[in-house]
Amino acid sequence: MREILPGRLWLGNAGDARDAQRLLAAGIVAVLDLAAEEASPILPRSMAYCRFPIADGAQDVEDLLDVAMRTLVSLLARHVPTLVYCGAGMSRSPAVVAGALALVQGGSPEERLLQVASGRPHDVSPQLWEAVRRIFCRICGETARSDGDP
């Protein structure tokens, strides 16, 4: 488990999510689970748990991926200390974190992926990454329209 934004955002794998004491010690309040292949962890009742079972390279997951990214954007915007994880922590979680960070902090998803994956093993599925990029563009377009743009 590694801290991406101090006190606000961690990226991890399924093993990290099963260590409730470590999550509590870090101050994590919400857990965003992207691991379709893993059983749900047993977490304290005080912790928010959001499960979006997404498989790398799977078709027809874009709607679920969209909801997962929007959920993370909402948690980040409200400064809720959050762990995002998938099976190995190398594809779905860094991709979703990068897309959400680009929406919250600005910059491109590619820039944020470099920030998130820097110096760490990662293997983001190309199909998943393209879906993240499409969702990013869609959300940016919605935001622009809500600001009065045509």
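Pro126 is exposed, with 60% of its relative accessible area open. This residue is found in helix α6, which covers residues 126–146. The model described here is a predicted one, and Pro126 is a handy place to start a walk through it. Pro126 and Gly7 sit 119 residues apart in sequence, and their C-alpha atoms are 30 Å apart in space. Further along α6 comes Arg133. Arg133 is partly exposed, at a relative accessible area of 32%. Its C-alpha atom is 21 Å from that of Leu9, a residue 124 places away along the chain.

What about the inside of the protein? The largest nonpolar core has 31 residues. Within this core, the residues with the most contacts are Leu9, Leu34, Leu65, Leu72, Val97 and Leu101. Take Leu65 as an example: leaving aside neighbours within four places in sequence, Leu65 is in contact with Ile54, Val96, Leu128, Ala131, Val132 and Ile135. Apart from this core lies another one, of eleven residues, with Trp10, Ala35, Leu43 and Met47 among them. Cores like these fit a general pattern, since nonpolar side chains in soluble globular proteins tend to be buried together.

Trp10, from that other core, deserves a closer look. It belongs to strand β2. Is Trp10 buried or exposed? At 6% relative accessibility, Trp10 counts as buried, because the cut-off for that label is under 20%. Not counting residues up to four places away in sequence, Trp10 touches Met1, Arg2, Glu3, Ile4, Ala26, Ile28, Pro81, Thr82, Leu83 and Val84. The C-alpha atoms of Trp10 and Val31 are separated by 9.4 Å, with the two positions 21 residues apart along the chain.

Charged residues can be tucked away too, and two aspartates show it. Asp66 lies in helix α3, residues 62–77. With a relative accessible area of 8%, Asp66 is buried. Once neighbours within four places in sequence are left aside, its contacts are Ile135 and Arg138. The other aspartate, Asp16, has its place in helix α1, residues 14–17. Asp16 also counts as buried, at 9% relative accessibility. Beyond its neighbours within four places in sequence, Asp16 is in contact with Met1, Arg22 and Leu23.

Asp16 turns up again in the largest pocket, which has a volume of about 170 Å³. Which residues line the largest pocket? The lining is made of Met1, Arg2, Leu11, Gly12, Asn13, Asp16, Ala88, Gly89, Met90, Arg120 and Pro121. Strand β2, residues 9–13, supplies the largest share of this lining, three residues. Sorted by character, the lining residues divide into five nonpolar, three polar and three charged.

Helix α4, residues 92–105, is where Leu103 has its place. Leu103 is partly exposed, with a relative accessible area of 23%. Partly exposed or not, Leu103 has plenty to touch: leaving aside neighbours within four places in sequence, it is in contact with Met69, Val73, Phe136, Ile139 and Cys140. The C-alpha atoms of Leu103 and Val80, 23 residues apart along the chain, are 16 Å from each other.

Next comes helix α5, residues 109–117, where Pro109, Arg112, Leu113, Val116 and Ala117 are buried. Why can these buried residues be said to line one face of the helix? Looking down the axis of α5, they fall within an arc of 120 degrees, so they line one face. After α5 comes Gly119, with a positive phi near 70 degrees.

A positive phi also shows up at His79, where the value is near 60 degrees in a residue other than glycine. Most residues other than glycine have a negative phi. His79 lies in the loop between α3 and β5, the latter being residues 82–86.

Terms used. Residues are numbered from 1 along each chain as its sequence is written. This is a predicted model: local features need pLDDT of at least 70, side-chain atom pairs count only at pLDDT 80 or more; totals for chains, interfaces and linings use all residues. Side-chain values use heavy atoms; hydrogens and water are left out. On a 1 Å grid over the protein atoms alone, a cavity is a set of points where a 1.4 Å probe fits but cannot get out, and a pocket is an open set with protein on both sides within 12 Å along at least five of seven lines; lining residues have an atom within 4 Å of a point. Grid points are joined across faces, edges and corners, and a volume is the space filled by probe spheres set on the points. Helices (H or I, at least four residues) and strands (E, at least two) are DSSP runs, numbered from the N terminus. Ala, Val, Leu, Ile, Met, Phe, Trp, Tyr, Cys and Pro count as nonpolar, Asp, Glu, Lys and Arg as charged, and the others, Gly among them, as polar. Buried means under 20% relative accessible area, exposed over 50%, partly exposed in between (1.4 Å probe, protein chains only). Contact means heavy atoms within 4.5 Å. A nonpolar core is a set of buried Ala, Val, Leu, Ile, Met, Phe, Trp, Tyr and Cys residues joined through side-chain atoms within 4.5 Å. The arc is that of the directions from the helix axis to the C-beta atoms.
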